[in-house]
Amino acid sequence: MFSIYILTHNEELDIASCIESALLSDDVIVVDSFSTDRTIEIASRYPIRILQHKFESHGKQRTWMLEAIPTKYEWVYILEADERMTSQLFQECLDTIQNPEHIGYYVAERVLFMGKWIRHSTQYPRYQLRLFQKNKVWFTDYGHTEREVCNGSTGFLNETYPHYTCSKGLTRWIDKHNRYSTNEAAETLRQLEQGRVNWWNLCLGQSEVERRRALKDLSLRLPFRPLLRFFYMYFFLGGCLDGQAGFAWCTLQAFYEYLIVLKSWEMQQQPIASGNKRQESNGVETNKQYLSFDEEAQITVG
């Protein structure tokens, strides 16, 4: 058996279905970032543990969770509130940890948007590390999200999990990605200054994760990123085959990319603006000094 963590913040619309899917395990732990809606009230109806911790970042929240919360089992699975555990995935996880070849396993998501599985334009299968030995994985921050650090080799599972990425409505999706774009803009500038493109992983990466991350590093350095992202997702990946929902998804992702570009530009201008402000401030002080000198001279002469 393995333990399941569920990360929450204001998830009253999703939390019941998420917990019910996770109750295949007898050790389910909700880690809440002090929700202000009915998340805790709803979660309290189930035979699970609930702990709250102030949210600082995705990486820090996960690392705190792994270090501070004891679990019944050595193996753990991380579940987001808008995701679901399936019986098929649960069984594959059980079978895998009986004779594990790795310390962690990636699982592919199935993004559901506007009532449809967005298979093509989401780079399916797109993997996330979800099942792992608790004491051999921790997380660091990257942009608006996190990246795992693994003390050992990793593998991939065949089963997938559904991800209801817009279950709370478009308004919340847009608000969330507006916040995310700020962190992504800061990460973009950091990568442009300190990072590099791993061409080996881009062309010959052994896994989808390595190739996808190398492609993202390359995309940060390309012009017309929002437009390129739309064409890449809609035509190259085949988002046009996902119908109306696919077009909407690709458009929203291009808009999200444009927000990142604009905020990156804005952040680059801030030091310049601050410098100009200091110069203007010095100029005002200088003028005041000249004014005081003139006033003193006039008084003396008078």
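Helices (H or I, at least four residues) and strands (E, at least two) are DSSP runs, numbered from the N terminus. The structure is a predicted model, in which local features need pLDDT (the predictor's confidence in each residue, from 0 to 100) of at least 70, side-chain atom pairs count only at pLDDT 80 or more, and totals for chains, interfaces and linings use all residues. Residues are numbered from 1 along each chain as its sequence is written, and side-chain values use heavy atoms, with hydrogens and water left out.

The chain has a mean pLDDT of 89, with 89% of its residues at 70 or more. Across residues 284-302, however, the pLDDT is below 50, and this stretch makes 0 contacts (heavy atoms within 4.5 Å) in the model beyond near neighbours in sequence.

Helix α5, which comprises the 25 residues 170-194, reaches 35 Å from its first C-alpha to its last, close to the 36 Å expected at 1.5 Å a residue, where the expected span is 1.5 Å times one less than the number of residues. Among the residues of α5 that are buried (under 20% relative accessible area, against over 50% for exposed and in between for partly exposed, with a 1.4 Å probe and protein chains only) are W173, H177, Y180 and L189.

Two residues that are not glycines have a positive phi, N10 at about 55° and Q123 at about 60°. N10 lies in the loop between β1 (3-8) and α1 (15-22) and, at 17% relative accessibility, counts as buried. Q123, found in the loop between β6 and β7, counts as partly exposed at 26%. The loop between β6 (116-117) and β7 (126-133) also holds P125, and the peptide bond from Y124 to P125 is cis, with omega near 0°.
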